[in-house]
Amino acid sequence: MIFRHAEEVRTAHPGLAAGALHATGVDGAADVEARVADHTARALARLADGPESRFPEVLAWRRTFARTGLRPTQYRCASESLLRRLRKEGSLPRIHPVVDLCNAVSVAYAVPIAVLDADRIAGPLLEVRPAHGDEEYTTFDGRTEHPAPGEVTYADSAGRAHARRWTNRQSGHSAVRDGTRRILVVAEAMHEGGADTVARVLETLADELGAHWPVTPVTSLLTDAAPEFTLDDTARVRYPGMAP
């Protein structure tokens, strides 16, 4: 399967910096609490100097949302929402070890990170592109929505939308769950120096995943010259009783 940003997205948002990670062999049993605490402590220290609304990483996504016709204070990118919750509540929700790690790294670097169950995505292509309007998006409570025409989404080859409003909200269909074994992680930034930030995010996540699970993550920075990331669909861990 190939992941990429459509040419019209890259053209409309030349400041986009993005990277992807693929790993096979995760589960819900790892204890990541200490590392989650370390990453959230870094974010809390930064928040002590001022709210997330002043962060250049967040401001860049607010400008991006405004360019797409969204009200930035009504629809926030995922990292801003997490930072806002962290500032108000002092902690982040616990969902699944993989998600918890990604959320903690997201607030530490203040950029949105999407983590998807790769086996819930219909290949051969997952593309960040403007919606046609007929894609199906599944909410976390099971309802079906249709992204508005032109809304940036993650769309797979079956016409399923795996996000609403780009980095605002992920889909319940491809959310990481207890049975997840193979993941696709995407980090996206819009601020000046975003490519360096995304590179550090990928390195951090690869180290964390490798330390907690028997996985060898594959990562790649996505650029105009090399905009595609190929997931090795054959690299799956076999478990007792699993059909070949």
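In what order do the strands of the open sheet of 4 strands run? Load up the model, which is a predicted one, and let's find out.

**Stop 1: the sheet.** Select β2, β3, β11 and β12. Going across the open sheet you meet β3, then β11, then β2, then β12, and the pairing is antiparallel. The edge strands, each paired on one side only, are β3 and β12, the latter at residues 218-222. On average, neighbouring strands in this sheet are turned by 15° against each other, direction ignored.

**Stop 2: one pair of strands.** Keep β3 (113-117) and β11 (182-189) on screen. These two pair in the antiparallel sense over 5 bridges. Want one of the partners? Click Ala114, then its bridge partner in β11, Val186.

**Stop 3: the helices on the sheet.** Now add α5, residues 97-109. Helix α5 packs on the sheet and touches β3 and β11, with its direction at about 165° to that of β3. Next, show α6, residues 194-212: this helix lies across β2, β3, β11 and β12, and runs at about 10° to β2.

**Stop 4: the largest pocket.** Select Ala78, Ile95, Asn103, Phe140 and Gln170, the lining residues that lie nearest the centre of the largest pocket. Its volume is about 630 Å³, and 25 residues line it. Which helix or strand gives the most to that lining? Colour α4 (78-89): α4 supplies 4 residues, the most. You've already met some other contributors, as α5, β3 and β11 each supply at least two lining residues. Finally, colour the lining by class: you'll get 15 nonpolar, 7 polar and 3 charged residues.

Key
Residues are numbered from 1 along each chain as its sequence is written. This is a predicted model: local features need pLDDT of at least 70, side-chain atom pairs count only at pLDDT 80 or more; totals for chains, interfaces and linings use all residues. Side-chain values use heavy atoms; hydrogens and water are left out. On a 1 Å grid over the protein atoms alone, a cavity is a set of points where a 1.4 Å probe fits but cannot get out, and a pocket is an open set with protein on both sides within 12 Å along at least five of seven lines; lining residues have an atom within 4 Å of a point. Grid points are joined across faces, edges and corners, and a volume is the space filled by probe spheres set on the points. Ala, Val, Leu, Ile, Met, Phe, Trp, Tyr, Cys and Pro count as nonpolar, Asp, Glu, Lys and Arg as charged, and the others, Gly among them, as polar. Two strands pair if DSSP finds at least two bridges between them. Axes are lines fitted to C-alpha atoms, for helices over the stretch in contact, and angles run from 0 to 180 degrees between N-to-C directions. Contact means heavy atoms within 4.5 Å.
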